[in-house]
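Grab the coordinates and a scratchpad. Here are a few short exercises, each with a solution worked through step by step.

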Amino acid sequence: AAAAAGTGTEFAVKRMDRARMGVADLEGLETEVAVLRELDHPNVIRLHNTFTEHHVSYLVLELVTGGELFDRLVARHHYHEGAARQLAATLVRTLAYLHARDVVHRDLKCENLLLTSPDDDADLKICDFGFACHVSTLRHNYEICGTPEYMPPEMWARRPYGAKADVWSAGVICFILLGGYMPFHGKDGRELRHRVRAGHYRFHEEQWAGVSKHAKDFISCMLKVNPAQRWSAADLLQHPWMTAGEAGLAAQDLGGSLTRIRRWRGRFRAGVRAVMAAARLRKSPKNGSNSESGTPTPIAGAGRGKGADPFPFTEPSAEDHEDDSARPGGPRTNFADLYLTRAELGKGAFGTVFAAESRATGEQVAVKVMDRSKMSQADLDGLETEVAIMRELTHPHIVRLYDAFVENPCTYLVLELVHGGELFDRIVRKQHYTEREARFLVRRFLATLAYLHGRDVCHRDLKPENLLLKSATDDTDIAVADFGFACHVSQLGPRYETCGSPLYLAPEMLRGRTYDARVDVWSAGVIVYVLLGGYPPFYAENQNDLFQVIMKGEYQFFHEDWQHISEDAKNLIRKMLVTSPAKRATAEELLREPWLRAPESRLSDANLGMTVENLKRFKAKQKFKGAVDAVKAVNRLRSLGSWTAARPPTTHNS
């Protein structure tokens, strides 16, 4: 603190020894000063003046006397959701101001939120713009900077980022404000990085029972792994939680969260003291280092040098573990400590799926065990994407991911256990099967697909084996499974890989052209055709010919097999199996088709016995139970050169 000569006005002065700063640090200081000079906002720390004398720079800043926000929170006697919303609104509103001026802070964290005075618990200031920059100047230099627990997935992945990096960090802060603990932690930097990149957090029922659904959705909109899906600060100000009535939020008591914040801050302060003590020992003459050095080593953060890695973190304490109590396995340790593995359910190229049981609760789950030593870097990246995507999805007809463990050499994905087996296996056992039943399944399937596509997710491996039934007694409660090839459409980039299973590949994928979520619609069209006819629409003696037929869109509805199927059902398939993606209907559009909206009385109740018999033969021939390495098959067949023409049935290629 310092007082102005003559007026006595008090300021804060930041003193920096330029002789101890590297070139990158000096450039960062210049950027910090330039950014702060542009800003004039009641919730941004104000820069009044700068001086450089000899080898020292002085930044004269607004003096705030209220201390750190979270230190003030722990001194409260009462805390409710309305108070948390007021703080979150101020934070997001200030971010919207910064981002509108092309400024990204890049080091938002609890310690950088101060309060203006000891008398106001809500008038916060964002401070420490040491890593701030203009988004437009980032170009290709996307350095890792900030504090690891608050860093967004795209920064961990060393990918391009922008202002929405701040939104992620603000989402972490809001999670703490409402829940009282960090959403992401790990025993070291590698585990933390994995959890952040996978978007691996949960609103644990015990800790979040008193928090409104709008508040949880607000945080979910901020902690989207895909920056394209993550809301901007300006959009967040229009979120229902921001506009909800104060009275209702004030009734949501957050006393439990306040207790957890106190515990968390106590551990944090103890950690700071320990690191400072260690730093002093390292710099003492006894250890042969320079005793005149200034500040201690930070407990978190990254160097300003390009590509610097964040410091690792210690293992969470017992208090952190209790926040994981809502997991099927209870508090987090290792997979084997939490789950007891049972029977093998299936095996793939990289691992095995087992039934498992929570040691704590007895809940039945499925666990997918993958040996990372057998996986290429591309496979490992795909695994991270699979986990990240499944963390984003909450839908009654998508297999749920409960947890993920990274242990040498395996990764364990703990998934919802479905008991009904494959959908088509159930159908072939039926004595009576009608178009009405098929329509119900199709409508539910397409609604799930619309949900995925509305969240920028493309499955890319839809096939009958990936349509499961949750129950052994319910023939309609489907669950879409296996997101191993799933991706965010917005992140496909210039290279569009061919992936999936040959019978269900879309023409544009076979041609090596750009594609989007409508490849799923094509695959779904093939599934719907099989569901109603009992065999696939495309057939050839070998895969080379099969791909030729698919690219031409050559199929027909044979009268003997389709005479009892309504024209509306066939029209739905026609709109799905269109070779031109631009003309192919979207999942959302298909849900408005007459067949899916018609009253049940208009649908035939005739038994589709021929369909069931066809389906039995088809499954036997295709050996559905066997795993298919689709990508290798496609690449191998592409290398064969020419495409041989197949039989010439009617072409539906509108």
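**Exercise 1.** Decide whether Lys 368 is buried or exposed in this predicted model.

*Solution.* Start with the cut-off: buried means under 20% relative accessible area. Lys 368 comes in at 19% relative accessibility, so it counts as buried. Next, place it: Lys 368 sits in strand β11, residues 364-371. Then list what it touches. Skipping neighbours within four places in sequence, Lys 368 has contacts with Thr 352, Val 353, Glu 386, Thr 411, Tyr 412, Leu 413, Leu 415 and Asp 482. Last, check the record: an unreviewed UniProt entry carries the annotation "binding site" over Lys 368.

**Exercise 2.** Work out which domains the largest nonpolar core lies between.

*Solution.* First, get to know the core. It holds 90 residues, and those with the most contacts inside it are Leu 423, Phe 483, Leu 531, Leu 532, Phe 538 and Ile 573. Helix α19 (residues 518-533) supplies the largest share, eleven residues. Now look at the domains: domain 3 (337-417) and domain 4 (421-631) both give residues to this core, so it lies between them. For a close-up, take Leu 423: beyond residues up to four places away in sequence, it touches Leu 441, Leu 467, Leu 468, Leu 469, Asp 475, Ile 478 and Leu 531. There's also another core apart from this one, with 85 residues, including Leu 98, Cys 145, Cys 174 and Leu 249.

**Exercise 3.** Check the span of helix α3 (residues 81-100) against what 1.5 Å a residue should give.

*Solution.* Helix α3 has 20 residues. The expected span is 1.5 Å times one less than the number of residues, so α3 should span 28 Å. In the model, the end C-alpha atoms of α3 are 28 Å apart, which agrees. While you're there, look at its cover: 17 of the 20 residues of α3 are buried. Just past the helix, Asp 102 takes a positive phi of about 70 degrees.

**Exercise 4.** Find which helices the buried residues of α8 (residues 213-222) pack against.

*Solution.* Pick out the buried residues of α8: Ala 215, Phe 218, Ile 219, Ser 220, Cys 221 and Met 222. Then follow their contacts, which lead to α3, α5 (164-179), α7 (205-208), α9 (233-236) and α10 (240-243).

**Exercise 5.** Say where the pLDDT is below 50.

*Solution.* Begin with the whole chain: the mean pLDDT is 80, and 83% of residues reach 70 or more. The pLDDT is below 50 over residues 270-327, a stretch with 108 contacts beyond near neighbours in sequence. It is also below 50 over residues 624-654, where the corresponding count is 64 contacts.

Key:
Residues numbered from 1 in each chain as written. Predicted model: local features only at pLDDT ≥ 70, side-chain atom pairs only at ≥ 80, totals over all residues. Heavy atoms only, no water. pLDDT = per-residue confidence, 0-100. Contact = heavy atoms within 4.5 Å. Core = buried A, V, L, I, M, F, W, Y, C linked by side-chain atoms within 4.5 Å. Buried < 20%, exposed > 50% of the residue type's maximum accessible area, 1.4 Å probe, protein only. Helix = DSSP H or I, 4+ residues; strand = E, 2+ residues; numbered from the N terminus. Domains from an automatic or database assignment. UniProt positions renumbered as here; feature names shortened; annotations may be inferred.
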